[in-house]
Amino acid sequence: MTPHHVVALDYIRERIAEIGCAPTLDEIGARLTISKTNAHRIVELLIADGKLLRRGTGRNRDLALPDLPDLVAIPTAALRRELARRGVTLEALHRERPIASAYAPTCAVPRCGEPVESGHLMCRDHWYSVDRDHRNEIFRLHGIAKRSRLTADSNAYSDAVWRAATQAAERGRQ
Ligand SMILES: [Zn+2]
């Protein structure tokens, strides 16, 4: 997939999660600043690639996502990279704007299983069981990663998140 394909797929996935149906070719074109014809070409390639499904009549907005894989089977490192790539953050713990998700998320702390709002990585109890300094460090690293968009910064941020999840898991056992 080219960067355009990745951006198109991200956009289509988020729109399906947010409003329940796929964007039109015009909307995809506007988002990627490409023509409707090129947007159509990209959508066709994503369908041929199995990344998108066409359901029903194949009209506008009739795109769907293939079945989600079993997240339990995906290695943590791969999940972390994908979450960081999508820009999923812990900001929603403090703010009122959750990030859309296509599935019902649960707390990132192993074996917690508490449902959390979209965009939250941990349940409230676990989040506040993490040291205040560590929580602040996560926000600091997030700010840096968001500004720089460098992989190294994004990894430093997600490492901090997962150290916090581990810490929260240990405390839960005490
Ligand atoms: Zn939890």
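How many of the 174 residues of the protein chain count as buried? The share is 22%, where buried means that 20 or more other C-beta atoms lie within 10 Å of the residue's own, exposed means 12 or fewer, and partly exposed means in between, with C-beta atoms placed from the backbone.

This is a predicted model, in which local features need pLDDT of at least 70, side-chain atom pairs count only at pLDDT 80 or more, and totals for chains, interfaces and linings use all residues. Residues are numbered from 1 along each chain as its sequence is written.

**Whole chain**

Select the protein chain and colour by secondary structure. There are 7 helices and 2 strands, in the order α-α-α-β-β-α-α-α-α from the N terminus. Helices (H or I, at least four residues) and strands (E, at least two) are DSSP runs, numbered from the N terminus. Of the contacts in the protein chain between residues at least 6 apart in sequence, 45% join residues at least 24 apart; two residues are in contact if their C-beta atoms, placed from the backbone, lie within 7 Å.

Now colour by pLDDT, the predictor's confidence in each residue, from 0 to 100. The protein chain averages 77, and 79% of the residues score at least 70. Helix α3 has the highest confidence, at a mean of 91, and helix α4 (residues 76-86) the lowest, at 72. Select residues 91-102: the pLDDT there is below 50, and the stretch has 25 contacts in the model beyond near neighbours in sequence. Where pLDDT is low, the predicted coordinates should not be read in detail.

**Helices α1 and α2**

Select residues 3-19 for α1 and residues 25-32 for α2. Their axes come within 10 Å and cross at roughly 125 degrees. That makes α1 oblique to α2. Axes are lines fitted to C-alpha atoms, for helices over the stretch in contact, and angles run from 0 to 180 degrees between N-to-C directions. Angles under 35 degrees count as roughly parallel, over 145 as roughly antiparallel, 65 to 115 as roughly perpendicular and the rest as oblique.

Show the side chains of His4, Val7, Ala8, Tyr11 and Ile12 in α1, which meet Ile28, Arg31 and Leu32 in α2. This contact of α1 with α2 has 6 nonpolar, 1 polar and 1 charged residues. Ala, Val, Leu, Ile, Met, Phe, Trp, Tyr, Cys and Pro count as nonpolar, Asp, Glu, Lys and Arg as charged, and the others, Gly among them, as polar.

**Helices α1 and α3**

Keep α1 and add residues 36-48, helix α3. The two axes are 10 Å apart, at an angle of about 85 degrees, so α1 and α3 are roughly perpendicular to each other. From α1, His4, His5, Ala8 and Leu9 make the contact with Ile42, Leu45 and Leu46 of α3. By class, the contact of α1 with α3 has 5 nonpolar, 2 polar and no charged residues.

**Three single residues**

Thr33 is in the loop between α2 and α3. Its phi is positive, about 50 degrees, although Thr33 is not a glycine. Thr33 counts as exposed, with 7 C-beta neighbours inside 10 Å.

Go next to Arg13 in helix α1. Arg13 is partly exposed, with 19 other C-beta atoms within 10 Å. The C-alpha atoms of Arg13 and Leu52 are separated by 9.2 Å, with their positions 39 residues apart along the chain.

Finish at Arg55, in the loop between β1 (53-54) and β2 (63-64). Arg55 is exposed, and, leaving aside neighbours within four places in sequence, Arg55 is in contact with Asp62 and Ala64.
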